[in-house]
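Biologist: Please show me the chain. I would like to ask why each label is used.

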Amino acid sequence: MQASLSAAPGRAGNVILCAEGLTKDFSGFTAVKNVDLRIREGSVHALIGPNGAGKTTVFNLLTKFLQPTRGRIIYRGEDITRAGAARVARMGLVRSFQISAVFPHLTLLDNVRVALQRPRYLATQWWRSVTALDTLNARAMELLDAVQLADHAHVTAAELSYGRKRALEVATTLALDPEMLLLDEPMAGMGHEDVGHIADLIRRVAQNRTVLMVEHNLNVVSQLCDTITVLARGEILAEGNYDEVSRDPRVREAYLGSEPADD
Ligand SMILES: Nc1ncnc2c1ncn2[C@@H]1O[C@H](COP(=O)(O)OP(=O)(O)OP(=O)(O)O)[C@@H](O)[C@H]1O
């Protein structure tokens, strides 16, 4: 059973999230300068760049954890520049992993059930069920199955390996039925085997939704992402598919002469 990864059917190609002239000053220091971004619906889009390039700041601006100094952010045609994080999450723009708390002493099933009781899911699904609890349990098991954790449903989250905890976080994020998922360094701190599992999971999750990720692991980026935006010193340096950006001399220079394609 792998039926539970789906969100709304995608209309591949339309711009779902757009930033215009995005700028963020921190007490006189401009961390992000005039960034224009267009994320296409159904794509897997990466933000990469050397340390301090402004990736996390852009990510926090797009997910409304920071307010821009200048510029606009448009999601599905609606100006969300001044909207709060909770409101954009209800609109379907959902951030993982930090936002999706995992409760270590609850079982995996209970963790997902808690996530399912958040407003977005309740508003659209819960009232329709004849026996609400059964619906909740069934959906929670579907989500655990989707991230290949169904066999561990009755284990507490504290007992999971690091990689499986991240998979549980994906399940709790999917409980919100996001149309667009923003992932902040999903591979951070992972061993080789877990990287492969989470990459597979992201690939499956991305089949029915748009994904934007900040990621340092360029090998993963090359395998998963359709479009890559390279930031350096707060500005966009290059954009394109992996072959295009990895051949760009400015990108090679920004990575201090390293070979981005062979991370
Ligand atoms: N709250 C803040 N106050 C002051 N400066 C900040 C703040 N947040 C970020 N910066 C600065 O803005 C710049 C961009 O930081 P940011 O964390 O966005 O880069 P990054 O590309 O995510 O880097 P890394 O890959 O190291 O995480 C850095 O010079 C950083 O020191």
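**Helices, then the sheet**

Modeller: The axes of H6 and H7 come within 9 Å and cross at roughly 15°. This is a predicted model.

Biologist: Why are H6 and H7 called roughly parallel to each other?

Modeller: Angles under 35 degrees count as roughly parallel. H6 and H7 cross at roughly 15°, and they are therefore roughly parallel to each other. The crossing in which H6 passes H7 is right-handed.

Biologist: Which residues in H6 and H7 meet?

Modeller: From H6 there are Tyr 162, Gly 163, Arg 166, Ala 167, Val 170 and Leu 174, and they meet Asp 194, His 197, Ile 198, Leu 201 and Val 205 in H7. A contact here requires C-beta atoms within 7 Å.

Biologist: What is the angle between helix H3 and helix H6?

Modeller: Helix H3, residues 108–116, and helix H6, residues 162–174, cross at roughly 30°, and their axes come within 8 Å. That makes H3 roughly parallel to H6, because the cut-off for this term is under 35 degrees. H3 passes H6 in a right-handed crossing.

Biologist: Which residues in H3 and H6 meet?

Modeller: Leu 108, Asn 111, Val 112 and Ala 115 in H3 meet Leu 168, Ala 171 and Thr 172 in H6.

Biologist: Why is H3 described as largely enclosed by the rest of the structure?

Modeller: A residue is buried if 20 or more other C-beta atoms lie within 10 Å of its own. In H3, 7 of the 9 residues are buried, so the helix is largely enclosed. The buried ones are Leu 108, Leu 109, Asn 111, Val 112, Arg 113, Ala 115 and Leu 116. For the chain, buried residues make up 42% of the 263 residues.

Biologist: What makes strand S8 mostly covered?

Modeller: Strand S8 spans residues 210–214, and 5 of its 5 residues are buried. Thr 210, Leu 212 and Val 214 point one way from S8, while Val 211 and Met 213 point the other way, and all are buried.

Biologist: How do you know that S8 pairs with S3 and S7 in the parallel sense?

Modeller: Two strands pair if there are at least two bridges between them. Strand S3, residues 44–48, has 4 bridges to S8, in the parallel sense. Leu 47 has Val 214 in S8 as its bridge partner. Strand S7, residues 180–184, has 5 bridges to S8, also parallel. Met 180 stands opposite Thr 210 in S8, and Asp 184 stands opposite Val 214 in S8.

Biologist: Which helix does the chain pass through from S7 to S8, and is the crossover right-handed or left-handed?

Modeller: The chain goes through helix H7, residues 192–205, and this β-α-β crossover is right-handed. The term applies because, with the strands pointing away from the viewer, the path from the first strand over the helix to the second runs clockwise.

Biologist: Where does S8 lie in the sheet, and what makes S6 and S10 edge strands?

Modeller: The open sheet has 6 strands in the order S6-S7-S8-S3-S9-S10, with mixed pairing. Strand S6 (93–96) and strand S10 (235–240) each pair on one side only, and they are the edge strands. From one strand to the next, the twist averages 20°.

Biologist: How many helices and strands are there in the chain?

Modeller: There are 10 helices and 10 strands.

How values were computed: Residues numbered from 1 in each chain as written. Predicted model: local features only at pLDDT ≥ 70, side-chain atom pairs only at ≥ 80, totals over all residues. Buried ≥ 20, exposed ≤ 12 C-beta atoms within 10 Å, placed from the backbone. Helix = DSSP H or I, 4+ residues; strand = E, 2+ residues; numbered from the N terminus. Axes fitted to C-alpha atoms, helices over the stretch in contact; angles between N-to-C directions. Parallel < 35°, antiparallel > 145°, perpendicular 65-115°, else oblique. Left-handed = near helix turned anticlockwise from the far one by under 90°. Contact = placed C-beta atoms within 7 Å.
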